[in-house]
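Here is a short set of exercises to work through with the structure open beside you. Try each task before reading its solution.

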Amino acid sequence: MAVCIAVIAKENYPLYIRSVPTQNELKFHYTVHTSLDVVEEKISAVGKSLGDQRELYLGLLYPTEDYKVYGYVTNSKVKFVIVVDSSNTSLRDNEIRSMFRKLHNSFTDVMCNPFHNPGDTIQSKAFDGIVSGMMVQTASYT
Amino acid sequence: MENKPIVTCAGDQGLFTSLYTSLAQQLPREPMEWRRTYGRAPKMIHLEANFVQFKEELLPKEGNKALLTFPFLHIYWTDCCDTEVYKGTVKEDMMRWQNSLRAHGSADWVIIVVETNDTKKKNKTNILPRSSIVDKIRSDFCNKQNDRCVVLSDPLKDSSRSQESWNSLLLKLRTLLLMSFTKNLGRFEDDMRTLREKRTQPGWSFCEYFMVQEELAFVFEMLQQFEDALVQYDELDALFTQYVLNFGAGDTANWLGSFCAPVCSWNGLLLRRPIDMEKRDGIQRGEASLLDLRSYLFSRQCTLLIFLLRPWEVTQRALELLHNCVQELRLLEVSVLEGALDCWVFLSCLEVLHRIEGCCDQAQLAANCSHTVGLWAYATDKLKSLGELCGLVSEKRPTSEDLNRTVDLLAGLGDERPETVNSLQSPYKKLKEALSSVEAFERHYLELSHAAMEMYRAIGRLRSARLVGKSLAEFYMKKGDPERAETFLQEALKSYVSEGWSLPVTHTRKQIAECQKLLGRTEDYLQTSALLAGDVNLTTEERKHFCQEILTFADKSEDQSHKVTLSMGVFSQLTRLQFRPATASVHSGAVLQVELTLRCLMPVAVHIQQLAASIHFDLERGGTNGRSKGNQRQTNPGTVEFHQGNSSAGPPSSSAAGPPLELDEIQDRSPSDNSLNSTGVVCKNTHLVMRLHDNISLPDTPNCVSPPAVTIQEGAQMLKVQDVTLEPGNNSILFTAPSGQPGTYTLRQLYATVGQVQFVLPHIYPSVQYEVYSQEPQLTVEPLSEPLLAGLPQMVKFTLLTGHYAVKKGDALQLSNTDTMPILPSTSSNWMLTYSNLVGESALFIQSSEKVTSISLPATPPYHTVEFLLEVLCIIPSGSDRPANESPAGVCPQMSIDCPWSIYSTLLALTFYIPFKTKHSLLSAGNRKYIQVCVQNMSDVNFTLAEVKLAEKQHASLELQSLNTKTQQLLCSKHSVFCLWEVRWKDDLPSCLQCVFSANFSPLKQDVSAFKPFHYQFQLERVTTLYSVRAEISPPAGEQHCRSGFLCGLEVCITRLTEPAEGEMAEDSKTDTDGLKTTKLMYEVADSSSNWAVCGKSSGMVLMPMVADATHKVQIEVMPLFAGHLPFPKIKVLKYLPHTAAVAIQPDPDSCVENDSLSLLDKALDDQGDTASIRSRGSVHSVGSGDQQQKGVAMPRLEPFSPGQVFNHSHTQQVLVLPATDDHILEVNAT
């Protein structure tokens, strides 16, 4: 469903980033990096009003001509960003949400691994599998 | 738009005209609640109306769905009050009117009858039927609908009645209007829905439907219900979008064909008109293109949103629309001229922005940058791609092909719309101008870029701003202006580096490299190249290319003076440093090797002319021995691991957050006694750490944007290796460290020289040190086994640490001999030469002369150890020779050693412990004398004692008869052996005996030859027994035994046994008047165990004649306190010495000291002690007390006899004491 999935640490460096058309990898890196602007904006805006009762899902961060960028922030300020092709209109908000939830669960599993050093890039096969699953579905949909 | 609901007026036009103004004014004055169908929320609504004259044509024909022109209400005006007139003309007219209305199915009508006083006055006669006209009308037309006829009274008068009737009229009109709306709109909506449901049928046209629903929207807009109007457009929007999506999914609708026509006009949105009739007509005709439809739809939405005061939603929707349109065109596979869409988007963006600017003030715009910035950035983006397309972004002029393309694009724009012809800054003009020339394009592009960047910055979206900046930099690069490009690139790079985004870092860095190369910044370029050469994100070819760039520069030999210094981190990483030996501490001159592990990041093998590490040398300081170890990792001694963050990839770890702290321990010692005053930790690179906080650049990491200025500190000493080839990956390089001078060597910097290029690691951290020490030769002598025992041969270990001194052949240790500790020549001694492990061993050569023992040393190189053993014997000094102050347990004979490396002698002191402790005592039995010697073994060794002898030195006549039966005796550790001799003499026992005790001893289980002699000298004085004391206890008279509680008699009999000796005469006797020599004795009965109560005097003085067998008896009464066998009370006899100077007091010859001054009575019997007794007693005890003597009061003294001089016969004798009576109760407590 997604063309690019990224996990970004609290300090804004990428913990994990993968995109489907590999030749466009650089562009996605730029896109995801820039999207952090909006993520920060949304976090600070939400943080003021609702405190800790905030929604993790940040919704559409910003659309570009070709892609839609969605954001999600865990309570520990780890950011998930999913980039979806704009032409892929079959995706509803709910599906994006469930993708984020899945991603979050898998990420939590990675963090629970005692051999994982928090702050290191994610190298987990299980996580990779989940991400691949979300990306593979894209191929079948479009 | 001046559209208002149409209300037709029939009847008396003159009347209506007179009332029109007030009617039109008052109708919208008060709101009405409009209840809606389908559960829609009711709304308050201000009604307005457009009153027109009734015409048949106005009534909608069958099938005409137009709502805008639909008359919602029909009014018939009349002021007729004359029945005749009514019947004659008005009724007929009304009928006609009614009929035509009915013919068109319109039921929304009302008849207004205006009554004025004027009319009443005119027809005074017909006052009565006044009401009847209304009644008539009602009965004629309004059957069951009485409310369809309204009376308006005196409308032009300003009276309350008139006002009232106006109000009721207006209310009626409003109600009727709303009813009409509800009814007609409801019908319309139903029709519309029906039409929509037919959309799957062939022949259904979206455009037709669009017009229908838009009609509804128009009506809502007319009614000022913009929200509802917007909903209509949004529904249309969604419907259309769905069709396009369905098309994408393969479900094609026929009507969509018209939208798939190639786009031939891309003149952007037009938001300045409320309704773009041009486009609307196009849609109505079914000739509109997709862009036309979308543009029109959006312009309507925009208008409504602005009416709703939601301009920021416009911008948001605009961005969505533009993105969406581009996608839809793509999806529908509409053929579009390349760049046409860019034009359309660019124009649309600007148009939206203009529209928004037109309805907001500057402050509002500034505060809502976040809403508009997306459009700015999008426009910038599009303009850039247009510029690239049209060849405007290059150093050259556009080619003819580019120009053709430009002309085509401009053609699609058509003419400028009349609305903006006169404005100077219209989007149309901007685009045309921008595409007209390279310069104009640049101006417009820069303007847009900067605007976008500033807005991004203003709202804190720095990353987005940098991305725009980067895009600007790319533009500059294409324009051949690398100088301006660099700042933007550097800024972007800094942000990517600080947040650890490796791919953008690599990409941006590559751009910077290009930029720097163009600018001719060799050093920076090489630095960047080095970073790129080691960047794993690049392909091997690219990395090799950048590596080659460095090597090519390095090989240029034209300019020797121009050397480029680069940071080591980009080239290779120091990962490990290993010392051999691992202690990192060697003596001067020794070999110390340092192995560096360098991880080379280059993709190819690099030949390095010289690899060097500079060394900081510190003269050796006291107390630094432990420090080098403290700096190293404890786990692996001698190895320092350097941990570094990855060069460009990966997260910015803590190390990348700043240069690591270089900490060093300092100790402040007092200059006088070297004691520690204070200790602490200092940071040696404070300047670097502190600088970090000032600006956020990361000076010491390889990631940094601009390489730090690397200063080379030329040290005097270097670790150097020439001509090394570093292969990619880990390389191990071995250095031999200088170790000439003693001191601490700290490795500071590392340099790698490749031709003209030098890579420098400015700080080696954690700091690495090694120590070189120098040591004086040292000789230590220690016992092989503790403790050393005197009298026995003992082994002593000599250890010689040669230090920096090389022992030559022929060097010898000269030991001065002492009598008390001879060195025993031993054949078994060997020397051992060791240096960390055993090197050699051979026989020790000892040469002894009278004074000196010389020990030849083997030739030994420096920093070796020579060990050998010597056997020495310490002779036990016999008792009397022993100096009084020396501890009896040990002897410390001193020996001096002359060493070949020093002009001074070394004094050697060993402590030998005497294994035995001897005590002697004299025992008496009457006149017979015995000497007992006790030998106690103090050591831990068991000994055999043999040939125990006692000899008297002065008196040959004296015979000492041994009472010891064994010739050899075992003397265990910590045990004693007692030996006894009886003294026999012939005529006279000398008062003083000089005795020597001697014995041979050897450690247990050794042969006879090992026996060593042991002597003990002592002296016994006043051996002779002078007095014998005999005590007898006699029971009370008539009793056979003593009884407790009854007084008994104690008779003490003191007998002189010998004639006075010469010394005794002079010493303590005096001549009596009758020439008889007497001596004074003091006796004392003391019972320490409280068995006895002494009654009366317990002590007294006797005057003893100094002749043999002189006897003195003393009777004392004592009382036994207990029954049983009681030991006799102790009887002490002491010498009583009157003060020599005393002449005053003559003691009573009767021998009894009455004043009790000397009585040392049993405490129980010592009744009231007066002051005199206390004073005198004090004087007895404190002999020679200053106070007393100064006063000149002579006091007598008491002196005990020597042990053998008084023999007590009744010592330890016991007497049986019976209990006083038999009726004692014995209490037995059994527990």
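**Exercise 1. A four-stranded sheet**

In what sense, parallel or antiparallel, do strand β9 (residues 572-580) of chain B and β13(B) pair, and over how many bridges? Then place both strands in their sheet.

*Solution.* Keep in mind that this is a predicted model.
- Step 1: β9(B) and β13(B) run antiparallel to each other, and three bridges link them.
- Step 2: One residue pair to look up is Gln578(B), whose bridge partner in β13(B) is Thr639(B).
- Step 3: Widening the view gives an open sheet of four strands in chain B, ordered β13-β9-β11-β17, with antiparallel pairing.
- Step 4: At the edges are β13 (639-641) and β17 (729-737) of chain B, each of which pairs on one side only.
- Step 5: On average, neighbouring strands in this sheet are turned by 20 degrees against each other, direction ignored.

**Exercise 2. The end of β9 and two backbone angles**

Find the cis peptide bond that Pro581(B) takes part in, then examine the phi angles of Asn12(A) and Asp723(B).

*Solution.* A useful baseline is that most residues other than glycine have a negative phi, and most peptide bonds are trans.
- Step 1: The cis bond joins Arg580(B) and Pro581(B), with omega at about 5 degrees.
- Step 2: Pro581(B) sits in the loop between β9 and β10 (585-587) of chain B.
- Step 3: Asn12(A) is not a glycine, yet has a positive phi of about 75 degrees. Asn12(A) belongs to the loop between β1 (4-8) and β2 (14-19) of chain A.
- Step 4: Asp723(B), also not a glycine, has a positive phi of about 50 degrees. Asp723(B) is placed in strand β16 (residues 717-726) of chain B.
- Step 5: For burial, the cut-offs are under 20% for buried and over 50% for exposed. Asn12(A) has a relative accessible area of 6%, so it is buried. Asp723(B) reaches 52%, so it counts as exposed.

**Exercise 3. A sheet with mixed pairing**

Which strands stand at the edges of the sheet β44-β55-β51 (chain B)?

*Solution.*
- Step 1: The sheet is open, has three strands and shows mixed pairing.
- Step 2: Its edges are β44 (1042-1043) and β51 (1124-1127) of chain B; each has a single partner strand, so one side of each is left without a neighbour in the sheet.
- Step 3: β44(B) pairs with strand β55 (residues 1214-1218) of chain B in the parallel sense, over two bridges.
- Step 4: In that pairing, Cys1042(B) has Val1217(B) in β55(B) as its bridge partner.

**Exercise 4. Cysteines and cores**

How many disulfides are there over all chains? Go on to the nonpolar cores.

*Solution.*
- Step 1: The count is zero.
- Step 2: Take Cys302(B) as a test case: the closest cysteine sulfur, in Cys359(B), is 7.7 Å away, and a disulfide needs the sulfurs within 2.5 Å, so this pair is too far apart for a bond.
- Step 3: Cys302(B) is buried at 1% relative accessible area.
- Step 4: The largest nonpolar core has 154 residues, and Trp77(B) and Phe206(B) touch the most other members.
- Step 5: Beyond its neighbours within four places in sequence, Phe206(B) contacts Leu236(B), Leu239(B), Phe240(B), Trp255(B), Phe259(B) and Leu293(B).
- Step 6: Another core, of 58 residues, lies apart from that one and includes Leu844(B) and Val935(B).

Key:
Residues numbered from 1 in each chain as written. Chains lettered and ligands numbered in written order. Predicted model: local features only at pLDDT ≥ 70, side-chain atom pairs only at ≥ 80, totals over all residues. Heavy atoms only, no water. Pairing = 2+ DSSP bridges. Axes fitted to C-alpha atoms, helices over the stretch in contact; angles between N-to-C directions. Core = buried A, V, L, I, M, F, W, Y, C linked by side-chain atoms within 4.5 Å. Buried < 20%, exposed > 50% of the residue type's maximum accessible area, 1.4 Å probe, protein only. Contact = heavy atoms within 4.5 Å.
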